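Biologist: Got a minute to go through this one with me? Let's put it up on the screen.

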Amino acid sequence: MRNFFFAAMICCAVSFSLFAQESQANEETKESTVEAAEAPAEGEAAEAEEEEDKLAFERNPYFNETVFGGVSAGINIEDGDVNKEESYEIGLDNLILDLQGGDRMFNGRAVVDFGSVDDEGKMTLDVIKNVSFRMQHPSFRNSAGTFGLDVNLEAGLFSMPFGIENGYDHEVAFANSAIKEDFFGGAFNDLGVSLGVDLIFSKESDLAITLFAFNGGNETVLDGEENLFRAPAFGADIRFNKTGDFFVTAAASLVFGKAYRNYGFDVYNLSEEGEIESYKNGESLDQDKNNVLMAIGADLGYNVSDDISVGFKAEFGLAHRALYNPDFEKGKLISDGVKDADSALTSWGLFAMPYATLWDVDMMARVSYFKAPFFEENIVSKDNSNLGVNIAIIYNFCDYAGIELDYDFNKTTFHGYGEKNETVSESLNTHAIALALSGAFDFLWEEEKK
């Protein structure tokens with residue numbers, strides 16, 4: 001009996017031990033299952049946190065100084081003859097000092113181009129390209145870290161966001177564009193203020209919407225450099241940006257302003273009070289007429305590797321302006337040689353530019369065409385046009401300097417009237433081959449992150 005009791009005790013102990021081991025094994029299995037189930041959630045949280053960090057806005061004091069300069073010399077040929085006044089001499093293209101600083105939220109900038117001179121070689125206020133203040137406020141970030149919104153405010157003298165060829169010449173290669181410089185008169189580097197929102201979809205993509213008002217100092221398509229604040233202009237710009245291996249910038253811009261153009265001759269008119277009004281060179285006659293300017297463009301490309309990239313850039317621009325064209329006793333102010341003159345001018349321009357970077361060499365070919373953005377002395381001058389071809393190759397032989405070989409072809413067509421009021425046309429073909437040397441030095445100080 002006692003042996004049976006001891007045997008029963010041993011069986012119970014063995015059973016309890018086996019049960020305890022089984023329970024422990026089950027608990028370990030449950031914990032492993034729970035950990036396995038929680039692991040993806042933690043991974044997702046880490047991934048979400050990493051994505052949120054991509055949209056994080058960090059204030060960090062910095063100061064950046066850029067010095068850029070370039071000289072060039074070449075040969076200019078007009079209708080087969082060498083233009084000695086435009087050839088052989090070494091010229092200073094630009095000498096730019098670009099100062100930027102702030103803490104990423106509040107930033108200031110000053111850009112001075114000491115190479116900007118007038119036709120007589122004198123230095124003017126045009127040397128000042130930028131004296132501005134900019135605030136970028138990170139107003140919203142969602143909890144998932146997949147969307148953000150920044151509010152941007154800028155004021156001072158700065159380059160308005162207009163067209164695909166936006167920014168200052170020293171910031172982008174191949175900046176010498178006939179559409180930007182001649183058709184749009186250098187775009188809009190003016191006194192003004194802009195307010196915009198930047199919708200951030202990821203670290204690599206955003207959509208920026210900007211409204212701006214400025215003094216309208218563009219002398220080609222707006223009220224000119226006299227009476228700078230008499231006829232302010234207003235504009236809007238929307239652009240989508242994507243960086244990465246495949247990069248895209250698409251922009252649409254619009255400007256409303258008052259038009260002004262020097263007609264090249266004095267105008268006399270009889271006012272409602274019977275007094276004779278005199279306008280030297282037609283000054284002020286156009287400043288009460290509206291002008292609408294538009295630009296639509298895109299820049300897209302692909303980074304094949306760290307050393308190779310290809311891209312394509314194109315833009316279409318349009319200008320529509322009303323004209324001051326009263327009917328005097330001897331005919332219209334702007335004569336068409338026959339009867340009536342138009343009361344509005346619509347002109348347009350476009351360009352297309354494939355480009356590539358192969359290791360240390362940048363290259364591009366640009367084709368452009370535009371109609372006259374303003375009237376001359378007669379109505380047929382609205383058909384004046386310019387066809388241009390530009391091919392450029394830049395060899396960056398070190399981090400601080402490059403040498404550029406540039407070929408330009410321009411066909412300028414003029415329209416006018418003959419002795420019998422017939423329309424006559426004349427074309428001027430010019431070829432230019434130039435060699436340019438440019439150098440840049442960039443210094444960036446930024447406070448170390450703690």
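Biologist: What surface does the chain expose, and how much of that do carbon and sulfur atoms supply?
Modeller: About 26100 Å² is exposed, with carbon and sulfur atoms supplying 58% of it. Those areas come from the Shrake-Rupley method with a 1.4 Å probe, and for residues only the protein chains shown count as cover.

Biologist: Is this predicted, and how are things counted?
Modeller: It's a predicted model: local features need pLDDT of at least 70, side-chain atom pairs count only at pLDDT 80 or more, and totals for chains, interfaces and linings use all residues. Residues are numbered from 1 along each chain as its sequence is written, and side-chain values use heavy atoms, leaving out hydrogens and water.

Biologist: How many helices and strands are in the chain?
Modeller: Two helices and 21 strands. Both are DSSP runs numbered from the N terminus: H or I of at least four residues for helices, E of at least two for strands.

Biologist: What share of the residues is buried?
Modeller: Of the 450 residues, 36% are buried, meaning under 20% relative accessible area; exposed is over 50%, partly exposed in between (1.4 Å probe, protein chains only).

Biologist: Switching topic, what's up with phi at Y88?
Modeller: Y88 isn't a glycine, yet its phi is positive, near 75 degrees. Most residues other than glycine have a negative phi.

Biologist: Where does Y88 lie, and is it buried or exposed?
Modeller: Y88 sits in the loop between β2 (81–82) and β3 (91–102), and is exposed at 52% relative accessible area.

Biologist: And W359, what's its phi?
Modeller: Positive, about 60 degrees for W359, again not a glycine. W359 is in the loop between β17 (344–358) and β18 (361–371), and is exposed at 56%.
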